[in-house]
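Please open the model in your viewer and keep the selection panel at hand, since each stop on this tour begins with something to select.

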Amino acid sequence: SGVLDWPRAVKVLDDWCRNLATDVMRSANVQAVPYMIELFKMNILKTGNVDSMMELVEAFIHFDTNHDQKMSFIEFKEGSRGVGITESSMNDDALLVFYTRIDANQDGYITMTEFLRAMRCQLSSERYRCLRNAFLKLDRTSLKMLHIDDILKGYDSRSHPDVTAGRITHLSAYDRLAKVLNTLSDAMGYIDETTFVDIFGN
């Protein structure tokens, strides 16, 4: 039918990681990290929804049980088990390796930005160039910051892939982006170029 069977795909990858665990993961080999990322994403994004950013934001909020906007290893481990990352597919040692790699500044916690950046697909140079040009076009004041209201004004939710496929309404797509922007903006409602790329690069 050409439709990806997500539950089956998750099981196949889970089984693959379980076999790998005996050697690579239990020795905490960092070369396994890319495979951990894929397993992690597939367990979070079980619906196969194109709009992965909102699901990742919601996952971070769910993992951050004390709501301090950063994720401890204990929160990360409990959240991982909660979304179906089993001990046999990724043990605690492997989770710690994964956690440490996500923690870009090595301060012992994972921020929302670090989490989203780790989960993001690798951007091609062309995709990055397009996103940067879009940011500069919206940044009419050359402050290198965009207010979320200006982003939303220029957002055509009707062209969202899930809208054109009939899975969600354009109003729902708009609301989801607004929620992401509000979550990642500063206290004044601004985001910088890096955050803009993180949002629209997913």
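Select Leu-177, Val-180, Leu-181 and Leu-184 in helix H10, and then add Thr-195, Ile-199 and Phe-200 in helix H11, which are the residues that the first group meets. In this predicted model, the residues of that contact divide into 6 nonpolar and 1 polar, with no charged residue among them. Now widen the selection to residues 170-184 for H10 and residues 193-200 for H11, whose axes come within 11 Å and cross at roughly 145°. If you turn the view so that one helix lies in front of the other, the crossing to look for is a right-handed one.

Stay with helix H11 for the next stop, and select Phe-196 together with Phe-135, both of which are buried. How are these two rings arranged, with their centres 5.5 Å apart? Their planes stand at 65°, and because an angle over 60 degrees counts as edge-to-face, the pair of Phe-135 and Phe-196 is assigned to that class. Phe-135 belongs to helix H7 (residues 125-138) whereas Phe-196 belongs to H11, so this pair ties together parts that are 61 residues apart in sequence.

The structure holds 7 aromatic pairs, and another of them is found by selecting Phe-73 and Tyr-99, which form an edge-to-face pair with 5.4 Å from centre to centre and 75° between the planes. Phe-73 lies in helix H4 (residues 73-82) and Tyr-99 in helix H5 (residues 92-102), so that here the parts tied together are 26 residues apart in sequence. Is each partner buried or partly exposed? Phe-73 is partly exposed, with a relative accessible area of 23%, while Tyr-99, at 4% relative accessibility, counts as buried. Add Phe-76 and Phe-98 to the selection, and you will have one aromatic cluster made up of Phe-73, Phe-76, Phe-98 and Tyr-99.

For a contact of another kind, select Lys-70 and Tyr-109, where the lysine lies over the face of the tyrosine ring, at 4.2 Å from the ring centre.

Finally, clear the selection and display the whole protein chain, whose secondary structure comes to 11 helices and 4 strands. Colouring by accessibility would set apart the buried residues, which make up 43% of the 202 residues of the chain. Of the contacts in the chain with a separation of 6 or more, 63% are accounted for by residues 24 or more positions apart.

Key
Residues numbered from 1 in each chain as written. Predicted model: local features only at pLDDT ≥ 70, side-chain atom pairs only at ≥ 80, totals over all residues. Heavy atoms only, no water. Axes fitted to C-alpha atoms, helices over the stretch in contact; angles between N-to-C directions. Helix = DSSP H or I, 4+ residues; strand = E, 2+ residues; numbered from the N terminus. Left-handed = near helix turned anticlockwise from the far one by under 90°. Contact = heavy atoms within 4.5 Å. Nonpolar A, V, L, I, M, F, W, Y, C, P; charged D, E, K, R; others polar. Phe/Tyr/Trp six-rings, centres within 6.5 Å; stacked < 30°, edge-to-face > 60°. Buried < 20%, exposed > 50% of the residue type's maximum accessible area, 1.4 Å probe, protein only. Lys NZ or Arg CZ within 6 Å of the ring centre and 35° of its normal.
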